[in-house]
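Visitor: Could you take me through one part of this model up close? I'd like to see how one helix sits against its surroundings.

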Amino acid sequence: MAGFVVVFDFDKTIIDLDSDNWVVDKLGATDLFNQLLPTMPWNSLMDRMMTELHSQGKTIDHIAEVLKRVPIHPNVVPAIGAAHALGCDLRIVSDSNAFFKSRRFWIISK
C-alpha cells in the first residue's frame, strides 16, 4: 500500500464531536455560545468565545488540558494503525488554527 495517502479530518471523524464545541463546553461557556450561535458566523463566534474565556481567566494551558481529554472514536486508532502498518502516508486535515491542530495531533500520537 506504499504510495497511498490516507487523509483524515479531525473533528467528527477521528473524534466523534467538534473540538471547538468541546473546549467551549468544558470551559463553561456553553450558554453564551448557544446565545450567540444564531447571530454570528462560526469563525467570528469562536473568536468571541476565546475572548470570553480569556476574560474569565482561562489560559492557553487550560485549553490544551481540555483538548487532551477529547475522546477518540474507538475504531479510529486501529484504522490509523492498520493504514500505517501497510505503509500508507497518513495526513490529518483541519480548518482550525495552528494551536488546536498541534494539540489535536498530540492526542492521537501519544
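Guide: Here is a close look at one helix, followed by the turn just after it. A word on the ground rules: this is a predicted model, where local features need pLDDT of at least 70, side-chain atom pairs count only at pLDDT 80 or more, and totals for chains, interfaces and linings use all residues. Residues are numbered from 1 along each chain as its sequence is written, and side-chain values use heavy atoms, with hydrogens and water left out.

The helix is α5, residues 76-85; helices here are DSSP runs of H or I with at least four residues, strands are runs of E with at least two, and both are numbered from the N terminus. Start with what α5 hides: Val76, Ile80 and Ala83 are its buried residues, buried being under 20% relative accessible area, exposed over 50% and partly exposed in between, with a 1.4 Å probe and protein chains only. Those three span an arc of only 65° around the axis, so they sit on the same side of α5; the arc is taken from the directions running from the helix axis to the C-beta atoms. Among the elements that cover them are β1, which is residues 5-9, and β2, residues 89-93; contact means heavy atoms within 4.5 Å. Swing round to the other side of α5 and you find Val77, Pro78 and Ala85 exposed. Then, just after α5, Gly87 takes a positive phi of about 90°.

For a companion to that glycine, look at Lys12, in the loop between β1 and α1: this residue has a positive phi of about 65° without being a glycine. Most residues other than glycine have a negative phi. Lys12 counts as exposed because its relative accessibility is 60%.
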